[in-house]
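New to this one? Here's a quick briefing to read alongside the sequence and the 3D view.

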Amino acid sequence: MHDRAAAAATAEHRQVRFSTSLQFCFGVRFIGIAQHDEILAWLPKSKQLIATAILAQVQQRFIARKIFLGRGKRQVEVFHLCVGHSFVSYAGETHHKLGANENNNVKVAEKEQPKPPQREPRLKASNTRERAQDAADQKKWFESLEFVLEYALKNQGPDRVSFLLDNLVDRLRGSGVQVPSVVSTPYVNTIPVEKQPSYPGDWQTEVRIKSYIRWNAMAMVVNANRLHSGLGGHISTFASLATLYEVGYNHFFRGGDSDRPGDMIFFQGHATPGNYARAFLERRLDEHHLQNFRQELAKGGGLSSYPHPYLMPGFWQFPTVSMGLGPIISIYQARFNRYLKARGFLKSEEPKVWCFVGDGESDEPETLGALSLAGRENLDNLIWVVNCNLQRLDGPVRGNGKIIQELEAIFRGAGWNVLKVIWGSDWDPLLAADTKGLLVKRMEEALDGDYQKYSVEPGSYTRKHFFGKYPELLEMVNHLTDQQIHKLLRGGHDTRKVYAAYLAAMEHQGQPTVILAKTIKGYGLGEAGEGRNISHQQKKLNEKELREFRQRFNIPISDEEIVGTPFYRPPVDSPETKYLLERRKALGGFLPKREVKAEPLKAPALSSFAAFLKGSGRTEVSTTMAFVRLLSHLLRDKQIGKCIVPIIPDEARTFGMDALFREIGIYSPKGQLYDPVDSESLLYYHETKDGQILEEGITEAGSMASFISAGTAYASHSVNMIPFFIYYSMFGFQRIGDLMWLAGDIKAKGFLLGATAGRTTLNGEGLQHEDGHSLLLASTIPTLLTYDAAFAYEIAVIIQDGMRRMYQEGDEIFYYLTLYNENHLMPPMPEGVETGILNGLYKFKPGPDQKKHKAQIFGSGPIIRSALQAQEILAERYDVSADVWSATNYKLLRTEALRAKRWNMLHPTATPQKSYLEKILEKEKGVFVAVSDFMKIVPEQIAPWVPGGLMTLGTDGFGRSDTRENLRRFFEIDAESTVVATLYALSQKGAIAPQVVEKAIKDLKIDPEKVFPVCL
Ligand SMILES: Cc1ncc(C[n+]2csc(CCOP(=O)(O)OP(=O)(O)O)c2C)c(N)n1
Ligand SMILES: [Mg+2]
């Protein structure tokens, strides 16, 4: 048998580390089979049972066949403990009291001894005597345990053994021991039938409610598409989810009507018809809403296709339809809830965070990318339900494999509690009769592609191809008709199994839980789409299919009516409506529901930023440094300091923020269990349980998820938190733009700080780091204000006003500010420029009088210095007086101008309106030039409203690593290039001769034949 086991060890298993006693005593969680030959070598060979047990931990198929048949992971864990952990207490030799230090590592309580063994007996013993002693101890422990198990197995049966082992595991867990997990367990339900709690609800009423919801959800999509072909919508996702939702709605999901925040539920994005259909039964929505599904512009309003708080702000809380974003945000949301609790903002009972995930969605890197955070931080306030309907849009998720098994291994490896809900109750008697493990073996053998086929084909097919593989199995289902075989329920459609899993998830402590629920896509649609590859796209049902649907779910709609696919809602005083409402009342109100109850904050007055308004004197500073100082200043503010949430993906030192580590601490649920290497220094790396900084490590996506959680605390926790997420600007919109888009949808508030901005300012870093387009990407988000500040006082004015607007006035917007790392003198704020800074453009330094020609140069960020130098050169050498303007926000200028233009178009006979931009430029003379460290298209946004047009300079093209000077010449945004552009604009207007420009090019040493920096 050992040989067979070894032979069966597949390459994919080998990559998983085997955890032996030493490893898992000290926190390593993974268990696999990579070194199974070594394990076998130190197993007591004569004892087949234990050997099998160990093999079971390394070979799941043996688990299924041998002593762990159908019992799941726990026994396996216990065997790890027994063998790897020197399970002396049960052997009756010594009673160890196992405890855990704060790091959750095993420690033996003081005065208790002996210590747990520190090494693998055979592999690590340092000398012969020790080795012999270890081996002898080990043997005794094995024998003692084995005796107990064999005795129990013989005399009391597997159930009692299971009970015994479960209790031992619980005892260890209760003592804080990190019980390791195997990466995969048999393809059966994790919760055995004997552990299933009884169902507390009125099961039959619930079934009826669920059926009506199913019908209405289907009818919404069918009706919408009948009226307007191509409106889209999805029937089959919710059809697979209905039970998973309904058990939650009737028994678990807590609403937020009390002081406690409601549970935060990330519903599967394209299953919205199910949520709407339920809200209809709850009488939160009416028939006209359902009729206007996906017709949001219809009279009286419609329903958004997917969960969008921006479009339905009283209803949806979490946008989820961009696959992967809901899952990652849910993890950081659960973590942020803990952060709020640790910092004293969340005083009431902690809400649960639920996230419904598609099995196909699990392929998105964002879905699985942050799992380990949830495991590491013991987020037992987080429950994921993966709807394993085995299909995605085009076809099977893992036709040649098993998505549930694959996910189980991943989640377990990341430290999650995994509950598999694979088989419905109909399978319980079959599994009970499966004394030889043949059924489980067959369950393991069949692939997801096969299971999909079983859901589509008649029962005779399953009889022949699934059960028929082994005569004994065939016999086992002799008493079932083909129809009954076809109807054998999958776990995710079985209310009782789902309830058991949810309850276990709610009660589980110390780990997040994932429920892997096996379902059928398009469940109940029959030939119209159940289990079929076209199921995801199915939007229409013919009359026959409608009748079948009605029949299957007992919907009280007559033959005459059925063609019209009417909605059905039981009367107000019906048992169903009463039950439904009573359940929601008992659970604290309706969900989903978004409500803004946060008290406004008082933003500090601009005068409190005096230090930033008066300039930097003779000291050169960058806008990044100015921002960091401003942040420190805000953190000390008595009113709002504590509400600030600095979020940093491992770049605090780059941005000069390391002083904050000690000052306000880095949030860590475990505090700091080690002596930091720099503890002697003033700025040591300080982790603490109530730390204020979210130091996320290298994950911009995770940081953005934290930003979103913090930025929506005003709606989800009724408390205004002010996130400042500072990052390398290149790795913002470009890398995680979809999360930033979602931040707009979810109405997150706060400040995004794109540091190291500018294609030429971050010199030396090259193509992948130098950002000259984040402002452009940012400009696509409607509720985002994007600022490109040049000076410290501008930063102060923008942030002060941002706080006022978002937290005092309640505007549901957010901010993006570029920050640069170029040091220069920060001038004092000129009089009266605040409005100009906020509106996007103001005159910073007028040119000298009495020059022949006039020009206006708009500069942004540190490149305003090119404009200022050009101003001098133009005056001195070319008789041009150039006024220099600071352009802080082209997007806003454009939006304002568009607004005025549109109004004028629609009111052609009224006095035309003028935008801010038009007003401030109308009296200005000369040519207009814009220069910045961003692509030309950024200033070009305002070109239509600039008198005489706009000459733009910018950094189109890939970045390069070189000095700032060289880069600015290369991209033609330095002072000399600005002079030439201004002169050229003047020559274009006929104000000067082209020869003057040509001479300037020569004098200023610009190579007219130099390479064009923009490709193509
Ligand atoms: C990022 C992203 N890519 C693609 C899509 C389009 N899309 C919507 S649903 C879907 C299939 C989802 O399959 P699964 O996650 O298994 O959900 P199911 O409908 O099967 O429950 C796809 C590809 C999307 N919404 N988001
Ligand atoms: Mg799916």
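**Cysteines**

With a relative accessibility of 1%, C355 falls under the 20% cut-off, so C355 counts as buried. Keep in mind that this is a predicted model.

- C388 is buried too, because its relative accessibility comes out at 0%.
- As for disulfides, searching the whole structure turns up 0 of them.

**The magnesium site**

- Which protein donors hold the magnesium ion (ligand 2)? They are D359 through OD, N389 through OD1 and Q391 through O, and they lie 2.0 to 2.1 Å from the ion.
- Along the chain, the donors of this magnesium ion follow the spacing D-x29-N-x1-Q.
- D359 sits in the loop between strand 4 (353-358) and helix 16 (365-368), while Q391 sits in the loop between strand 5 (382-388) and helix 18 (403-413), so the pair ties together parts that are 32 residues apart in sequence.
- Buried or exposed? Both D359 and Q391 are buried.

**A five-stranded sheet**

- There's an open sheet of 5 strands with mixed pairing, and its order is 18-20-19-21-22.
- Strand 18 (841-845) and strand 22 (951-953) are at the edges with a single partner strand each, so one side of each has no neighbour in the sheet.
- From one strand to the next, the twist averages 30°.
- Strand 21 (residues 927-931) pairs with strand 22 in the parallel sense, over 3 bridges.
- To spot that pairing, look for A930, whose bridge partner in strand 22 is T952.
- In general, strands of a sheet pair through backbone hydrogen bonds, either parallel or antiparallel.

Technical notes
Residues are numbered from 1 along each chain as its sequence is written. Chains are lettered from A and ligands numbered from 1 in the order in which they are written. This is a predicted model: local features need pLDDT of at least 70, side-chain atom pairs count only at pLDDT 80 or more; totals for chains, interfaces and linings use all residues. Side-chain values use heavy atoms; hydrogens and water are left out. Donors are N, O and S atoms within 2.8 Å of the metal (3.2 Å for Na, K and Ca); water is not among the atoms, so sites may look incomplete. Helices (H or I, at least four residues) and strands (E, at least two) are DSSP runs, numbered from the N terminus. Buried means under 20% relative accessible area, exposed over 50%, partly exposed in between (1.4 Å probe, protein chains only). A disulfide is a pair of cysteine sulfur atoms within 2.5 Å. Two strands pair if DSSP finds at least two bridges between them. Axes are lines fitted to C-alpha atoms, for helices over the stretch in contact, and angles run from 0 to 180 degrees between N-to-C directions.
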